Amino acid sequence: ILAKLLPIIFDDLVKQTDAALRAKVIGVLNNALTRVKGNNAIKIPVLSIVQRWFGENLAASPNAPFFRNLSIIFMDLGVPRLAAAEQIELSMAIIGQFGKLQQGSDRATLFLASVPGLSQMAAEGQKSEAMRCLDLIASLKADDEGLTLFFNAVTEFLLIPSGATDAPSVGGLASTSWAHWKARLKSKPAAEMIALKLSLLRWLAALGAGPPAKLVYLPSLAASVENYD
């Protein structure tokens, strides 16, 4: 039931113009959140929620901050509960539509949601999934804005020191870019940052020489900045 209702409720939140009704919708989402937090067996329709981030309605909605704050909590809870195949589908959807995201923290948020699926593509026995990702990349133009932005996000993430997620600045990143990353990373310990970076490096390795060189050149350079031993 939750899988069908949550996307509908989030749609209502984005479109709602009445303050009193908006408060009721938020109340329903908070009640659902309480239920979800109390039962790890409940699956969350993460892909359906993520698709709302790409829609035109979000950009024009006065309720966008409420949507973002609540959907991020659901995504943070839901992504680890997804099966490997579901995490991969989520990553594929994010890569394919990354250019539709608004500038700023939206890109950092959805990029981080994609990392578990990227890790699964690089897992042993998942060569077919890595090939499917390569097919997706090949289906897009080499200068596709979303594809370029996604690989730029890989580069930026690899440049962030694993033990300094609360640093005032990061070399190689514009202050505005770092502010967007920092908002999502400031609570992550160094060990988790290293694990995320290793997932990205394994994904890049699984792709091999498939992607255009101009997409993987900067991430490859950024990967040499930190010692992952």
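Which residues does Ser-199 touch, not counting residues up to four places away in sequence? I started there and noted Val-115 and Ser-119 as the residues that Ser-199 touches once those sequence neighbours are set aside. Ser-199 lies in helix α11, and I recorded it as buried because its relative accessibility is 10%, and buried means under 20%.

**Confidence**

I am reading a predicted model, so I looked up the pLDDT before going further. The chain has a mean of 93, with 99% of its residues at 70 or more. Confidence is lowest in helix α4, residues 56-60, where the mean is 89, and highest in α6, where it is 97.

**The core**

I next turned to the largest nonpolar core, which holds 73 residues, and in which Phe-74, Phe-111, Phe-157, Trp-181 and Trp-203 touch the most other members. The largest share of this core comes from helix α9, residues 145-159, which supplies nine residues. For Trp-203 I listed the contacts beyond four places in sequence, and they are Ile-95, Leu-118, Met-121, Ala-122, Cys-133, Phe-150, Phe-151 and Val-154.

**Two helix pairs**

How do α8 and α11 lie against each other, roughly parallel or roughly perpendicular? I found that the axes of helix α8 (residues 127-139) and helix α11 (residues 190-207) come within 9 Å and cross at roughly 75 degrees, and α8 and α11 are therefore roughly perpendicular to each other. On the α8 side I noted Ala-130, Cys-133, Leu-134 and Ile-137, which meet Trp-203, Ala-206 and Leu-207 of α11. By class, the residues of this contact are seven nonpolar, with no polar and no charged ones. Trp-203 thus appears here in the contact of α11 with α8, as well as among the residues that touch the most other members of the core.

For the second pair I took helix α3 (residues 46-53) and helix α6 (residues 84-97), which pack at an angle of about 10 degrees with their axes 10 Å apart. Because this angle falls under 35 degrees, I entered α3 and α6 as roughly parallel to each other. The contact is made on α3 by Val-46, Leu-47, Val-50 and Gln-51, and on α6 by Glu-89, Leu-90, Ala-93, Ile-94 and Gln-97. I noted the classes here too, which are six nonpolar, two polar and one charged.

**Single residues**

Is Leu-6 buried or exposed? Leu-6 sits in helix α1, residues 2-15, and with a relative accessible area of 0% it is buried. Leaving out residues up to four places away in sequence, I found Leu-6 touching Leu-29, Ala-32, Ile-44, Pro-45, Ile-49 and Phe-74; Phe-74 is one of the residues that touch the most other members of the core. I also checked Leu-6 against Ser-71, and although 65 residues separate them in sequence, their C-alpha atoms are 9.7 Å apart.

Leu-21 belongs to helix α2, residues 19-37, and I entered it as partly exposed, at 41% relative accessibility. Its C-alpha atom is separated by 27 Å from that of Leu-101, 80 residues apart along the chain.

My last entry is Pro-212, in the loop between α11 and α12, which counts as partly exposed at 28% relative accessibility. Apart from neighbours within four places in sequence, Pro-212 is in contact with Ile-137 and Ala-142, and Ile-137 is also one of the α8 residues that meet α11. From Pro-212 to Ser-119, 93 residues apart along the chain, the C-alpha separation is 20 Å.

Conventions:
Residues are numbered from 1 along each chain as its sequence is written. This is a predicted model: local features need pLDDT of at least 70, side-chain atom pairs count only at pLDDT 80 or more; totals for chains, interfaces and linings use all residues. Side-chain values use heavy atoms; hydrogens and water are left out. Axes are lines fitted to C-alpha atoms, for helices over the stretch in contact, and angles run from 0 to 180 degrees between N-to-C directions. Helices (H or I, at least four residues) and strands (E, at least two) are DSSP runs, numbered from the N terminus. Angles under 35 degrees count as roughly parallel, over 145 as roughly antiparallel, 65 to 115 as roughly perpendicular and the rest as oblique. Contact means heavy atoms within 4.5 Å. Ala, Val, Leu, Ile, Met, Phe, Trp, Tyr, Cys and Pro count as nonpolar, Asp, Glu, Lys and Arg as charged, and the others, Gly among them, as polar. A nonpolar core is a set of buried Ala, Val, Leu, Ile, Met, Phe, Trp, Tyr and Cys residues joined through side-chain atoms within 4.5 Å. Buried means under 20% relative accessible area, exposed over 50%, partly exposed in between (1.4 Å probe, protein chains only). pLDDT is the predictor's confidence in each residue, from 0 to 100.
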